[in-house]
Amino acid sequence: MIPVIDLEPGRPDLERKIAEEISEACRNTGFFVVRGHGIASEVFDDAYAASLRFFALPPETKDAFAMRTSNARGESDYSPYGYSALLSENAFAYTGKPGMPSDYVEKFSVGRLILHDDEELPFPADELGARLRAALKRYFAACETVAGQIAELLALALDLPRDFFATRTDTSNDSLRSHLYPGVDPQFLNDQGMGQHTDGTLITLLTQDGPGLQLQDRSGRWLDIDVQERDSFIVNIGDLMARWSNDEYVSTPHRVRLADRQRQSIVFFKLANDDTVIECFPKFAADRPAKYAPIRYEDFSLQKMNLLFGREEAR
């Protein structure tokens, strides 16, 4: 069982206790469930319903809103807006393991620009597109709020200034990805929805409408994370926190297995500003060497995206 933590909004007297609970979860499993976050249930319901309507469109219609993985000049940027078809991405490759099966999941992605209604983004120019854009905008804003609260509590637990992470993530190119995993026949030989990986994030917030998500414990066993209420956030820390803490906080491998029914999930990735240097906090290198060399987030992110999309390293 992964820990369940209530954020208790409006209770500053409980901050230290909650911060320590989060810190302990980060050390033990790298995963915890957040409830009591104050986000209205309609925010979740609307985002799930609008996403499902989009995924039900014909393939050729969805492909018209395909996500770019390079810009018009052929440069290897990452623009997290638009549709990704089944088998178009490979989580194994993202962690440096090419040659493994690709992911059997559809995705629709947005980034921080979703918060600005005047931005031209790849949504259908009809009522469905307007509803999807509005629903994902509300969901994105809600996730930014919750992620900010968790980051502040992490700073408190680490005896850092309260705004330590806020000042290093205030312009980060955060992304939100709505997923649909098709149901498959139980005899289907490959039940991989998304391959084993860790996240290249500060923290990740995920909701789901059914089982499928699994984490790998320190003994190598795969454990189900069966949290079905889609207004409960499943939170995991990513590689950035692992680097900052010299692996004291665990960036835990996880994956998604397919089932005989379709599964939706929505995942929010809290990242770092491009110019933020990720380097081990001195307190975690007092009695052992730092495992990772300092790296600018922009360089770290480019390495990850090149792996994910099978691109050659940028020159």
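Reader: In what order do the 8 strands of the open sheet with mixed pairing stand?
Author: The model discussed here is predicted. Its sheet of 8 strands is open, and the pairing within this sheet is mixed. The order of the strands is 1-2-10-7-12-5-4-3.

Reader: Which strands stand at the edges of this sheet?
Author: An edge strand has a single partner strand, so one of its sides is left without a neighbour in the sheet. Neighbouring strands of this sheet are turned against each other by 25 degrees on average, direction ignored. The strands at the edges are strand 1 (4-6) and strand 3 (82-84).

Reader: How many bridges join strand 5 to strand 4, and how many pair strand 5 with strand 12?
Author: Strands of a sheet pair through backbone hydrogen bonds, in a parallel or an antiparallel manner. Strand 4 (residues 106-111) and strand 5 run antiparallel, and strand 5 also pairs with strand 12 (residues 263-270) in the antiparallel sense. The number of bridges is 6 with strand 4 and 7 with strand 12.

Reader: How many of the 7 residues of strand 5 are buried?
Author: Side chains in a regular strand alternate between the two faces of the sheet. In strand 5, Ser175, Arg177, His179 and Tyr181 are buried on one side, while Leu176, Ser178 and Leu180 are buried on the other. Strand 5 (residues 175-181) is therefore largely enclosed by the rest of the structure, the number of its buried residues being 7 of 7.

Reader: Which residue stands opposite Arg177 in strand 12?
Author: Arg177 belongs to strand 5, which pairs with strand 12 in the antiparallel sense. Towards strand 4, strand 5 is joined by bridges as well, and there Ser109 stands opposite Arg177. In strand 12, the residue opposite Arg177 is Val267.

Reader: Is Arg177 buried or exposed?
Author: The side chain of Arg177 makes a polar contact of 3.3 Å with the side chain of Ser84. The relative accessibility of Arg177 is 5%, and the limit for a buried residue is under 20%. Arg177 therefore counts as buried.

Reader: In what order do the 4 strands of the open antiparallel sheet stand?
Author: In this sheet of 4 strands the pairing is antiparallel. The edge strands, each pairing on one side only, are strand 6 (192-197) and strand 9 (222-224). The twist from one strand to the next averages 25 degrees. The order of the strands is 6-11-8-9.

Reader: Which residue of strand 11 is the bridge partner of Leu215 and of His197?
Author: Strand 11 (residues 254-257) runs antiparallel to strand 8 (residues 213-216), and 3 bridges join them. Strand 6 is likewise joined to strand 11 by 3 bridges, in an antiparallel arrangement. On the side of strand 8, Gln214 stands opposite Arg255. For both Leu215 and His197, the bridge partner in strand 11 is His254.

Reader: What distance separates the end C-alpha atoms of helix 5?
Author: Helix 5 (residues 127-157) has 31 residues, which should span 45 Å at 1.5 Å a residue. At the start of helix 5, a side-chain oxygen of Asp126 comes to within 3.3 Å of the backbone nitrogen of Leu128. Just after helix 5, Asp159 adopts a positive phi of about 60 degrees. The distance between the end C-alpha atoms agrees with the expected span and is 45 Å.

Reader: How far does helix 2 reach from its first C-alpha to its last?
Author: The buried residues of helix 2 include Val43, Phe44, Ala47 and Tyr48, and also Phe54 and Phe55. Helix 2 (residues 41-55) has 15 residues, for which 21 Å is expected at 1.5 Å a residue. The reach in the model is close to this value, at 22 Å.

Reader: How far apart in space are Arg27 and Phe55, C-alpha to C-alpha?
Author: Arg27 lies in helix 1 (residues 15-28), and at 25% relative accessibility Arg27 counts as partly exposed. Phe55, by contrast, is buried in helix 2. Arg27 and Phe55 are 28 residues apart in sequence, and their C-alpha separation in space is 37 Å.

Reader: Which residues lie nearest the centre of the second largest pocket?
Author: The second largest pocket holds about 400 Å³ of space. Strand 2 (31-35), strand 8 and strand 9 each supply at least two residues of its lining. Of the 25 lining residues, those nearest the centre are Met1, Ile2, Thr29, Leu215 and Leu223.

Methods. Residues are numbered from 1 along each chain as its sequence is written. This is a predicted model: local features need pLDDT of at least 70, side-chain atom pairs count only at pLDDT 80 or more; totals for chains, interfaces and linings use all residues. Side-chain values use heavy atoms; hydrogens and water are left out. Two strands pair if DSSP finds at least two bridges between them. Axes are lines fitted to C-alpha atoms, for helices over the stretch in contact, and angles run from 0 to 180 degrees between N-to-C directions. The expected span of a helix is 1.5 Å times one less than its number of residues. Buried means under 20% relative accessible area, exposed over 50%, partly exposed in between (1.4 Å probe, protein chains only). A polar contact is a pair of N or O atoms within 3.5 Å; within protein, one must be able to donate a hydrogen and the other to accept it, and residues adjacent in sequence count only if both atoms are side-chain atoms. On a 1 Å grid over the protein atoms alone, a cavity is a set of points where a 1.4 Å probe fits but cannot get out, and a pocket is an open set with protein on both sides within 12 Å along at least five of seven lines; lining residues have an atom within 4 Å of a point. Grid points are joined across faces, edges and corners, and a volume is the space filled by probe spheres set on the points.
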